[in-house]
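Let's take a friendly look inside a protein model. Have the sequence and the 3D view ready, and we will go through the interior step by step.

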Amino acid sequence: MLAIKQFQQAAGLNDALANKWYQPVVNAMAKYGINTPLRMAHFIAQTGHESSCFATVEESLNYKSTALTAMFPKRITRTDAEKYGRTDSHPADQKMIGNIIYANRNGNGDVKSGDGYNYRGRGLIQITGRGNYSALVNQLRVDIVKNPEKLTEPNLAAESAAAWWKNNGLNEVADSDDVDRITRIINGGTNGMEDRKSRLLKAKGILCST
C-alpha cells in the first residue's frame, strides 16, 4: 500500500495537493493494475508532467498567435492564428482555437461541431477528443461525453488517466522501464521529455529504492 508521504514525495507535492490527490490516485492505480513500484513511478511521473504537478486538470488554449503557427502549422492558418490567438491587441479566443486545432481528430467533428473545444484535454493525463471520451464511458460509468467537465473532478480525473493508461498497454511498457515509449504513446512525440525523466527519477528514488 502506497503511503501518503511516499506519494507526496514521489510526486513532489505540497501538503494541500497531496491530501487532494492521494486517495483518488491510489484508488485509480489499484483499480487498473498500476500495482508495482515501477508502474506507479511511471504513472506518477507522467501524470505529474501532464497536469503541471497535479495543479491543472483542464487544457489551457491561451496560445499566442505565434505559438499556434509554430506548434500547429498543419492545423491552423497564419490568418486564423492572428485572428484567434493571443496578441497585444486582443486575448486568445480559446473556444475557436480548440475547435480549429482539434477538428476532425480523435473522433471530433468539424470546426462548427464545437467538439474540439468541448473535448479538449482534461484529467490527469489530458484525455482529448470525443473518441477518447466515448471510449471511457463504460469504464467510468459516467457519461463524460454528455458532461465532459466531469473529468475535472479529482476522482474521475485520476481514474480516467489510469483507465487510459491500462487500455493503451502502458503497464506492460512501464514494466520494461521504457519512458521514451510511454511518452510517445501519451504525447504522440517527445514533448517535455526532460521533465518527464526528472519526475521519473524522483519517483523511482522514493518507490523503487527498497
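## The largest nonpolar core

This is a predicted model, and its largest nonpolar core holds 50 residues. Within that core, the residues with the most contacts are Phe7, Trp21, Val25, Leu124 and Trp165.

Which helices each supply at least two residues of this core? They are H1 (4–11), H2 (15–31), H3 (37–50), H8 (130–140), H9 (154–167), H10 (170–175), H11 (179–187) and H12 (193–207). The biggest share comes from H9, which gives 8 residues.

## A closer look at Val25

Try finding Val25 in your viewer; it is one of the residues with the most contacts inside the largest core. If we leave aside its neighbours within four places in sequence, Val25 touches Phe7, Phe43, Phe54, Leu124 and Ala158. Phe7 and Leu124 are also among the residues with the most contacts inside that core.

## A second core

There is also a second core, separate from the one above, with 12 residues. Its members include Leu68, Phe72, Ala81 and Ile100.

## One cavity

How many cavities of 30 Å³ or more does the model have? The count comes to 1, and the largest cavity contains about 30 Å³ of space.

Its lining is made of Ser65, Thr66, Thr69, Arg78, Ala81 and Glu82. Helix H4 (65–71) and helix H5 (78–84) each supply at least two of the lining residues. Sorted by type, the lining has 1 nonpolar, 3 polar and 2 charged residues. You may recognise Ala81 here: this residue lines the cavity and also belongs to the second core.

Methods: Residues are numbered from 1 along each chain as its sequence is written. This is a predicted model: local features need pLDDT of at least 70, side-chain atom pairs count only at pLDDT 80 or more; totals for chains, interfaces and linings use all residues. Side-chain values use heavy atoms; hydrogens and water are left out. A nonpolar core is a set of buried Ala, Val, Leu, Ile, Met, Phe, Trp, Tyr and Cys residues joined through side-chain atoms within 4.5 Å. Buried means under 20% relative accessible area, exposed over 50%, partly exposed in between (1.4 Å probe, protein chains only). Helices (H or I, at least four residues) and strands (E, at least two) are DSSP runs, numbered from the N terminus. Contact means heavy atoms within 4.5 Å. On a 1 Å grid over the protein atoms alone, a cavity is a set of points where a 1.4 Å probe fits but cannot get out, and a pocket is an open set with protein on both sides within 12 Å along at least five of seven lines; lining residues have an atom within 4 Å of a point. Grid points are joined across faces, edges and corners, and a volume is the space filled by probe spheres set on the points. Ala, Val, Leu, Ile, Met, Phe, Trp, Tyr, Cys and Pro count as nonpolar, Asp, Glu, Lys and Arg as charged, and the others, Gly among them, as polar.
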